[in-house]
Number of protein chains: 4
Amino acid sequence: MLKFALIGAGRIGRMHGSIIAGHTKTELVWVYDILEDNAITTANTTLARVAKSLDEIFEDDSLDAVLIASSTETHAELIVRAAKAGKAVFCEKPIDLDIKRVDWCREQIQGLQVPVQIGFNRRFDPSHRKVADTARDGGIGNLEQVIITSRDPNPPPKEYYLASGGMFRDMTIHDFDMARYVLNEEVETVMAMSATLFDPVAKEIDEMDSAMILLQTASGKMCHINNSRHATYGYDQRVEAHGSLGMIRSENQHQHSTETFGAESSSSRAPLHFFFIERYRQAYLDQFDAFIETIENQQQPLVGFEDGRRALMLANAAYQSLEKGQAVKVDFGE
Amino acid sequence: MLKFALIGAGRIGRMHGSIIAGHTKTELVWVYDILEDNAITTANTTLARVAKSLDEIFEDDSLDAVLIASSTETHAELIVRAAKAGKAVFCEKPIDLDIKRVDWCREQIQGLQVPVQIGFNRRFDPSHRKVADTARDGGIGNLEQVIITSRDPNPPPKEYYLASGGMFRDMTIHDFDMARYVLNEEVETVMAMSATLFDPVAKEIDEMDSAMILLQTASGKMCHINNSRHATYGYDQRVEAHGSLGMIRSENQHQHSTETFGAESSSSRAPLHFFFIERYRQAYLDQFDAFIETIENQQQPLVGFEDGRRALMLANAAYQSLEKGQAVKVDFGE
Amino acid sequence: MLKFALIGAGRIGRMHGSIIAGHTKTELVWVYDILEDNAITTANTTLARVAKSLDEIFEDDSLDAVLIASSTETHAELIVRAAKAGKAVFCEKPIDLDIKRVDWCREQIQGLQVPVQIGFNRRFDPSHRKVADTARDGGIGNLEQVIITSRDPNPPPKEYYLASGGMFRDMTIHDFDMARYVLNEEVETVMAMSATLFDPVAKEIDEMDSAMILLQTASGKMCHINNSRHATYGYDQRVEAHGSLGMIRSENQHQHSTETFGAESSSSRAPLHFFFIERYRQAYLDQFDAFIETIENQQQPLVGFEDGRRALMLANAAYQSLEKGQAVKVDFGE
Amino acid sequence: MLKFALIGAGRIGRMHGSIIAGHTKTELVWVYDILEDNAITTANTTLARVAKSLDEIFEDDSLDAVLIASSTETHAELIVRAAKAGKAVFCEKPIDLDIKRVDWCREQIQGLQVPVQIGFNRRFDPSHRKVADTARDGGIGNLEQVIITSRDPNPPPKEYYLASGGMFRDMTIHDFDMARYVLNEEVETVMAMSATLFDPVAKEIDEMDSAMILLQTASGKMCHINNSRHATYGYDQRVEAHGSLGMIRSENQHQHSTETFGAESSSSRAPLHFFFIERYRQAYLDQFDAFIETIENQQQPLVGFEDGRRALMLANAAYQSLEKGQAVKVDFGE
């Protein structure tokens, strides 16, 4: 059994805690949260111990891996600490909102032989993955264009907005990663448009609630992303890939497979899943399996540190494009 | 924690064992199988003990419930024994293939204050359940007609056929139960047609592989069932209910939500789930939850002994209709 | 140009009149209706002449074909008269409601070398036709089962009911013909159930408004038909064929190809076509094309007199099955 | 009956000719084509006369309207000539490939009281129109984003490319018009990306075969267009509109409403319509009806001269954006 510590036991942390505790190959031994009550709640349902300090965790030699689900600004430092302690690292996205901190982190862990996986869970969604696999394996010929639709059900509260780093770094970052995953060739150019169309809270704090983006690779492949902070019909998550031999798309999923026909509408489908925990349930499980496999086989993680870094650089390029009203070339460095 | 014993640790038994072991409110303490190796395998992955005999189980006063997943001919006697020992009973379908044995069992357990739930798991499928609930709650007005499509992916091997009691008692029995569930009014008349159209094994042993059935209630509501022992495109499980104000249907479910468009076909959906364990995964879990609730709240089970009995009587009536070439009235007794 | 006379200029007659007038290979020269005003209306928009009597039509030697769309009880005699006058005959369904009259008509036209086509237009619907063609050409392997769903939007008025000859002879007769078309092997056995579930007018005159039927061929192939005189969601017309290698179904068609997603429902389709003129528009055109081809090439019509006769015999058998509560064997004679 | 002349009797011209000849309110009296054989062919099937010269047409005082379907470079001059002769004008898109010629034409016809309708037929497609109407009428709340997918089945031959004026002016121009129609607010900013990804002919002549575009209005509404010169699965034409209360999309249409299920794929839809004549058949008819109504009621056409002009200006802006790699503001003038 691989021994895990969980750092950060808020909503997402608790979910990861229960996945670790329930997995046949892992054991949750430590839980830490700056709010001890959070840690206690999670420890009680998972038979883990509450760590009084981070030291207690990093000094435990029997520990194999650390799952970081604490607040964003702590990620970079915790990755460095865990990696230096020789623990495998699974870190929720994003690495940091500031590319300088990300680059500092990258420098610190360079050469350390531990896997660092970033939580871009959508790559593990069976349907989106099928799209990416089919595109990669030539199932639709040579890939030409990708269209990503990603629309949240409801805008977040003000505090969330203020801490988020802005829509491109918080929400679109998932789509930048999806674009890189499906395109399977590095993005070279970014063009972005945005607007605040409906959310008074966003308007108040001068944040966008809607956006459209174009990406292009060196060989000319193109990708479009459309985002909105609301969608009355539920969490809208679709990916469409066009190639020389055909098209494959992952459609939204419904809560059950019923259709109702009546005088008002001739056919209406069951509601969509409400938000990411329900919609990407299987993806969270599969992502964790992949991480275990990475540790067991000493492989490179499917979603590594560099993927986290590059998604952030695309978000930054999108902001630049907005500001200048022009296409921005991205330089990922060596 | 409710303490459970599992009797029968074949394929379905093992699945039940892992559900019991994984449920937050239950604990698997005993496993019994006439083949001790089966019991050991299940015990090893669930931390349960292997019972050397059934006595060991029924004499354990701390035990709350027994899950019977042994071979069909043992069900009736085990139900009686468990009920008399004061254990709550969950028994896989069918109760027995012989209505006389069922009636004997019924007599034996009459008046005993233990819940007995029969494993008609499809009632718990979220989609079929939505159809039944909508029909019951007037969501499509007064129910008028029901159409049940139930087609297995592949014919079973010869031994299975020979032990099955015939298609109506083995396979259609699920659909008879679904018909009773959705119609929500007792069936009065049965008409059946059958044929052996494709399976050489079925032909050899003079068994049907295809059937169509009509059912009607006292107030005139009608139900059609169509069955086949094969379906190249996967496990086909649909229920359609027509009422005075509209129609609701549960459609098949796909393994993922992708669609592929190419020169050959303009859109093709991901494959269906292959067979019942995958398709009805959630139903197995929900059925077990319902059983726990039944025990906790001392309610009547949603699928009781009498439901098991009546589904068998409909199967018998269908055989009679086949034989006589006429509509058969069913008398369920008092 | 083939010269046509139209006999009967009611709703369906007018539609046929405009098809004949608009077709590049045909010309409408005569219109007759016992209500002269009907004839005048149609003549005015088609540049045809109003016939004062049927004699005027049958004595016109230049006439090639007669399209009979008058009231049902006149069909048999008009077919005989037209066939004896050497005119090709297209007759709306049914030939007659009385099998004796049909047999008399059959005898009268025996040996005459004119094509007689019956208006079972659904055979020409591109979608249902694709199902039948695929079943026939082995596209789903050996055909095993067929499921026909045929539900009208609204019950007819009392006068229509009284003149209709009963649901099996008026409405189901289309489905009996579809069953024969898709099964592509003669039906041998019929079982029927019916009820009056919702329509007070039907109840008052002791007529059914709902039915379910089973058909079986000599080799064991089965077909189910379900009928209702109402469907709030629109005209429900589906055919599903199961074979040894797969299944093909023709689904309902929507007025346009839009889907709407909102807070109430996560996806709702555009309304279905309301009734047969809209739904089977292309079928009416294609059926007429087939008739022209039949005349030009002196072929047998795709839907001949005998098809009209046999559909009626299946309707009669269904009534017998209802009455006796048993399976009825059908003998079509030599 | 409104009397029409047809100028240009190539493929599209012939289609328009037969629509005019078949319409109950119009009569085709003249056909002109610089290749007289073309004119003769069309005249023969429509009972029209062949005009020896354009003068013959414009001097015919009894003529009500002119339908211009000749080659693009003749459009502007013919519009002017027809309008000055007092004839209603229906002109195929585009007005011209050169905005200077369009502006000259605009000046010439200023103040003349004749309707000039441009052939953006997609506005009349019942499904796309439903999307636009729903967006306009508040059926999805306030409109926020529009996504237009428009992909041809096959790249055109070299000569077509060379005469086309480039993809934005030839193909995307339909989508620019659709964007303006659905957005219902003028576009202010254009961003474009393009590539030559698959077509060797396009590569040879240095023309794009793939493109992605973003548009934005003054109030912030956004629109994405994706284009490709090929789509193996058929002509892909979809419009999706997102608003504050929901989303509506027009999906592709299939040749028939069948679905096939087999071992290879669990469900495959009938093929899409192949290209624009089949797909937009109804739109061509409805667009002509609208033109007739415009003449009869002396209304402004739904798609006027200015719509033709502005779509071209958006195409020009898209080329500018490509060249400069930046967002381009469009100034439509007064």
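The paragraphs below lead from the relations between the chains of this predicted model to a pair of packed helices in chain C.

Chains A and D may be taken together to begin with, since a rotation of 180° with 0.0 Å of shift along its axis brings chain A onto chain D with an RMSD of 0.0 Å. The two copies are therefore related as by a two-fold rotation axis. Within chain A, the C-alpha nearest that axis belongs to A:Gln326, at 1.8 Å from it. The interface residues tell a matching story: 100% of those in chain A are also interface residues in chain D, so the copies meet through the same surface.

Chains B and C can be described in the same terms. Chain B is superposed on chain C by a rotation of 180° with 0.0 Å of shift along its axis, and the RMSD is 0.1 Å. In chain B the C-alpha nearest the axis is that of B:Gln326, which lies 1.9 Å from it. Here too the same surface serves both copies, with 100% of the contact residues of chain B recurring in chain C.

The contact between these chains draws 27 residues from chain B and 27 residues from chain C. On the side of chain B that touches chain C, at least two residues each come from strand S7 (143-151), strand S8 (187-195), strand S9 (210-217), strand S10 (222-228) and strand S12 (246-250). By class, the residues on this side of chain B comprise 13 nonpolar, 13 polar and one charged.

Inside chain C, attention turns to two helices. Two packed helices are described by the angle between their axes and the distance between the axes. In chain C, the axes of helix H1 (residues 11-22) and helix H2 (residues 36-46) come within 10 Å and cross at roughly 20°. Because angles under 35 degrees count as roughly parallel, H1(C) is roughly parallel to H2(C). The crossing in which H1(C) passes H2(C) is right-handed. From H1(C), the contact is made by C:Gly13, C:Arg14, C:Gly17, C:Ser18 and C:Ala21, and these meet C:Thr42, C:Thr45 and C:Thr46 of H2(C). Sorted by class, the contact of H1(C) with H2(C) has one nonpolar, six polar and one charged residues.

Note on methods: Residues are numbered from 1 along each chain as its sequence is written. Chains are lettered from A and ligands numbered from 1 in the order in which they are written. This is a predicted model: local features need pLDDT of at least 70, side-chain atom pairs count only at pLDDT 80 or more; totals for chains, interfaces and linings use all residues. Axes are lines fitted to C-alpha atoms, for helices over the stretch in contact, and angles run from 0 to 180 degrees between N-to-C directions. Helices (H or I, at least four residues) and strands (E, at least two) are DSSP runs, numbered from the N terminus. Angles under 35 degrees count as roughly parallel, over 145 as roughly antiparallel, 65 to 115 as roughly perpendicular and the rest as oblique. A crossing is left-handed if the near helix is turned anticlockwise from the far one by less than a right angle, and right-handed if clockwise. Two residues are in contact if their C-beta atoms, placed from the backbone, lie within 7 Å. Ala, Val, Leu, Ile, Met, Phe, Trp, Tyr, Cys and Pro count as nonpolar, Asp, Glu, Lys and Arg as charged, and the others, Gly among them, as polar. Copies are superposed by least squares on the C-alpha atoms of residues with pLDDT of at least 70 in both.
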